[in-house]
Amino acid sequence: MRIAVNTRLFLKGKLEGIGWFAHELLSRMVLQHPEHEFIFFFDRPYHKDFIFAPNVTPVVLKPQARHPALYILWTELAIPHALKKYKADLYFSPDGLGSLNTKVPTCITIHDLAYKHYPQFIDKLHKWHYARYLPKFAKAAKKIVAVSEYTKQDVVQQFDITPEKIDVIYNGAITNYAPLSFAEKQKVKEQYTGGEEFFLFTGALHPRKNIINLLKAFVQFKRRQKSSIKLIVVGRMAWQFKEIVEAKERMPYKDDVIWTGYLEVAELANLTASAYAMVYPSLFEGFGIPILEAMTCDVPVIVSNTSSMPEVAGDAGLLVDPTSPEDIAAKMMMVYKDEVLRNKMIAAARIQKEKFSWDISAEKLWQTLMSCLPEGQQK
């Protein structure tokens, strides 16, 4: 059997949420099913690290799909032609870009419908493409993967899709994420904060991540606590970040905020495991991988009470109103002042994190893909 996969987000040194989702699941499936051929569709020269096994055939398709107009050429011309050329039995697209111009059974992953809930944070062309094509891709697909129960219900309601068509397959935490010893954490803190404790936020920086309110909350925390604790913000400036840059420069206590930019996963895992707490007040998430990564490292999490984040954090997280810097600051103070509470959160996280596993998710994805095929072809 030939399984074609959209791997356009496999970018060496630039993997983020959707890219990691695809990487972790496909790297497992390819090794677990050597009897099948996987055809990886890239949109630019690829790195050899993404060719996980001999049963992977890499193919570069043009044009590079990095703009809504080019998405259309890629999904409606390049992909159908390649599916026919390579005689694919099945097509899997982990980033939501399906195709309306193929009869090959297709499965797409929908990570979130943020464009529906926060359209002001998306440029006009991308918003147009999402609104025009994503509902059509969803209806045309044989199966849909949603990364949380929240996202599944959102797709059902927004696109009028039957729930039976959607399977929930969670993200996991990459194996780099694990607790560190006291000495190891101290070494990381010496490197980043001169040995001081720190709160942590990780994620691509754009308005939906709510960085402005996080900075306001940190200022309130510092004014009330007179503490030497720092805030580390990890992530690249993604889009609509002018206000973040301005706030960064004018805020009080700006010397207590460390901005690292994008970090490779090994470094980020060590930084996460060394944090006093993860503060993740995003306005909207389809899943929220940094929440799980922190819990996997025995780090308490303070997360928004919106969208999928309560589902991921479970009883292990302190929930905040992301529109209220006062509430965020109050929860930061609770974790900082109450060691008993902090230890309870860590203990709850050790239970909650067991719900999420890349190995389990890879097996679930395989079953979902097989269900897209006619009964005689399923293996």
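In which loop is the place of Lys87? In this predicted model, Lys87 is found in the loop that runs between helix H2 and strand E4, the latter spanning residues 90-93. The residue is not a glycine, yet its phi is positive, at about 55°. Lys87 has a relative accessible area of 61% and is classed as exposed, because the threshold for that class is over 50%.

With regard to the overall architecture, the protein chain comprises 14 helices and 13 strands. Its radius of gyration is 21 Å, close to the 21 Å that the globule rule gives for 379 residues, so the chain is as compact as a globular protein of that length. Taken along the principal axes, the box filled by the C-alpha atoms is roughly 65 × 40 × 40 Å. Of the 379 residues, 57% are buried, and the chain exposes about 16200 Å², of which carbon and sulfur atoms supply 53%. When contacts between residues at least 6 apart in sequence are considered, 67% of them join residues at least 24 apart. The chain carries 48 positive and 41 negative charges, and the mean positions of these two groups lie 5 Å apart.

Strand E6, which covers residues 143-146, is enclosed on both of its faces, with Lys143 and Val145 buried on one side and Ile144 and Ala146 buried on the other. Strand E6 pairs with strand E5 (residues 106-110) in the parallel sense, over four bridges, and within this pairing Ile110 stands opposite Ala146. Strand E6 also pairs in the parallel sense with strand E7 (residues 166-168), in this case over three bridges, where Asp167 of E7 is the bridge partner of Val145.

These strands contribute to the surroundings of helix H5, which spans residues 149-159 and in which Thr151, Lys152, Asp154, Val155, Val156 and Phe159 are buried. The cover over the buried residues of H5 includes strands E5, E6 and E7, together with helix H3 (114-117) and helix H4 (124-140). In general, an α-helix has 3.6 residues a turn, so residues three or four places apart point the same way. Helix H5 is followed by Asp160, which has a positive phi near 55°.

Helix H4 also contains His126, which counts as partly exposed at a relative accessibility of 21%. Once neighbours within four places in sequence are set aside, His126 is in contact with Pro68 and Tyr71. The C-alpha atoms of His126 and Ile258 are 31 Å apart in space, these residues being 132 residues apart in sequence.

Helix H2 (residues 68-85) is the place of Thr75, a residue that is buried, with a relative accessible area of 1%. Apart from neighbours within four places in sequence, the contacts of Thr75 are with Pro80, Leu97, Gly98, Ser99 and Phe137. The loop between strand E3 (56-60) and helix H2 holds Pro63, and the peptide bond leading from Lys62 to Pro63 is cis, with omega near 5°.

A positive phi is also found at Asn210, where the angle is about 65° although the residue is not a glycine. Most residues other than glycine have a negative phi, and most peptide bonds are trans. Asn210 lies in the loop between strand E8 (198-202) and helix H7 (211-225), and at 7% relative accessibility it counts as buried, whereas Lys87 is exposed.

Finally, the loop between strand E7 and helix H6 (182-193) contains Tyr170, which is partly exposed, with a relative accessible area of 21%. When residues up to four places away in sequence are not counted, Tyr170 touches Phe21, Val147, Ser148, Glu149, Phe287, Glu311, Lys355, Phe356, Trp358 and Ser361. Among these partners, Glu149 belongs to the residue range of helix H5. The C-alpha atoms of Tyr170 and Leu231, which are 61 residues apart along the chain, are separated by 29 Å.

How values were computed:
Residues are numbered from 1 along each chain as its sequence is written. This is a predicted model: local features need pLDDT of at least 70, side-chain atom pairs count only at pLDDT 80 or more; totals for chains, interfaces and linings use all residues. Side-chain values use heavy atoms; hydrogens and water are left out. Helices (H or I, at least four residues) and strands (E, at least two) are DSSP runs, numbered from the N terminus. The radius of gyration is taken over C-alpha atoms; the globule rule is 2.2 Å times the number of residues to the power 0.38. Buried means under 20% relative accessible area, exposed over 50%, partly exposed in between (1.4 Å probe, protein chains only). Contact means heavy atoms within 4.5 Å. Accessible areas come from the Shrake-Rupley method with a 1.4 Å probe; for residues, only the protein chains shown count as cover. Lys and Arg count as positive and Asp and Glu as negative; His and the chain ends are not counted. The place of a charge is taken as NZ of Lys, CZ of Arg, CG of Asp or CD of Glu. Two strands pair if DSSP finds at least two bridges between them.
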